[in-house]
Amino acid sequence: MEKFSVLLMIAAIVCALFSGKIDMAVNGDKKVQRVIVTFSVGVVFICAIAIVAGILS
């Protein structure tokens with residue numbers, strides 16, 4: 001499960017890094033970028049909690 005969480009965190013970080021280019025491709029006026037960054041931060045936060053919980057248990 002931890003491997004999946006790490007892979008999901010990496011995917012979220014990559015999406016957040018390229019959110020500006022994705023927003024430009026769909027002409028989202030920074031709305032798409034904010035949505036991508038918001039979801040990416042949420043995914044990273046939840047996966048970090050899952051990893052810590054797995055280590056502590």
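## Helices in the model

Helices here are DSSP runs of H or I with at least four residues, numbered from the N terminus. Gly42, for instance, is found in helix H3. Please keep in mind that you are looking at a predicted model.

## Helix H1 and its two sides

Let's start with H1, which covers residues 2–17 and so has 16 residues. From the first C-alpha of H1 to its last, the helix reaches 23 Å, close to the 22 Å expected at 1.5 Å a residue. Which residues of H1 are buried? They are Ser5, Met9 and Ala12. Looking down the axis of H1, you would find these buried residues within an arc of 65°, so they line one face of the helix. That buried set packs against helix H3, residues 31–56.

Now turn to the face of H1 that points away from its buried side. The exposed residues there are Lys3, Phe4, Leu7 and Leu17.

## Ser5, Val6 and Ala16 on H1

Ser5 has its place in helix H1. Is Ser5 buried or exposed? With a relative accessible area of 4%, Ser5 falls under the 20% cut-off and is therefore buried. Setting aside residues up to four places away in sequence, Ser5 touches Cys47, Ala50 and Ile51. Two of these partners, Cys47 and Ile51, are listed among the buried residues of H3. Ser5 can also be set beside Ile49: the pair is 44 residues apart in sequence, and their C-alpha atoms are 9.8 Å apart in space.

Val6 is placed in helix H1 as well. Its relative accessibility is 39%, so Val6 counts as partly exposed, between the cut-offs of 20% and 50%. From Val6 to Ile36 there are 30 residues in sequence and 18 Å in space, C-alpha to C-alpha.

Further along the chain, Ala16 is another residue whose place is in helix H1. At 27% relative accessibility, Ala16 counts as partly exposed. Which residues does Ala16 contact, leaving aside its neighbours within four places in sequence? They are Ile36, Val37 and Ser40. Ala16 and Val37 are 21 residues apart along the chain, yet 5.1 Å separates their C-alpha atoms.

## Helix H3 and its partners

H3 has 26 residues, which should span 38 Å at 1.5 Å a residue. The C-alpha atoms at its ends are 38 Å apart, which agrees. The buried residues of H3 are Ile36, Ser40, Cys47 and Ile51. These residues pack against H1 and also against helix H2, residues 19–26.

Coming back to Gly42 of helix H3, its relative accessible area is 28%, so this glycine is partly exposed. Gly42 and Gly20 are 22 residues apart in sequence, and 18 Å lies between their C-alpha atoms.

## How H2 meets H3

Two packed helices are described by the angle between their axes and by the distance between those axes. For H2 and H3, the axes come within 8 Å and cross at roughly 145°. The crossing of this pair is right-handed. On the H2 side, the contact is made by Ser19, Gly20, Ile22, Asp23 and Val26. H3 brings Lys31, Val32, Gln33, Ile36 and Val37 to the contact.

What is the make-up of this contact of H2 with H3 by class? It has 5 nonpolar, 3 polar and 2 charged residues. Ile36 and Val37, named here on the H3 side, are also touched by Ala16.

## The loop between H2 and H3

The loop between H2 and H3 holds Asp29 and Lys30, and both are worth a look for their backbone angles. Phi of Asp29 is near 55°, a positive value in a residue other than glycine. Phi of Lys30 is near 70°, again positive in a residue other than glycine.

Is Asp29 buried or exposed? Its relative accessible area is 65%, which is over the 50% cut-off, so Asp29 is exposed.

Note on methods:
Residues are numbered from 1 along each chain as its sequence is written. This is a predicted model: local features need pLDDT of at least 70, side-chain atom pairs count only at pLDDT 80 or more; totals for chains, interfaces and linings use all residues. Side-chain values use heavy atoms; hydrogens and water are left out. Helices (H or I, at least four residues) and strands (E, at least two) are DSSP runs, numbered from the N terminus. The expected span of a helix is 1.5 Å times one less than its number of residues. Buried means under 20% relative accessible area, exposed over 50%, partly exposed in between (1.4 Å probe, protein chains only). The arc is that of the directions from the helix axis to the C-beta atoms. Contact means heavy atoms within 4.5 Å. Axes are lines fitted to C-alpha atoms, for helices over the stretch in contact, and angles run from 0 to 180 degrees between N-to-C directions. A crossing is left-handed if the near helix is turned anticlockwise from the far one by less than a right angle, and right-handed if clockwise. Ala, Val, Leu, Ile, Met, Phe, Trp, Tyr, Cys and Pro count as nonpolar, Asp, Glu, Lys and Arg as charged, and the others, Gly among them, as polar.
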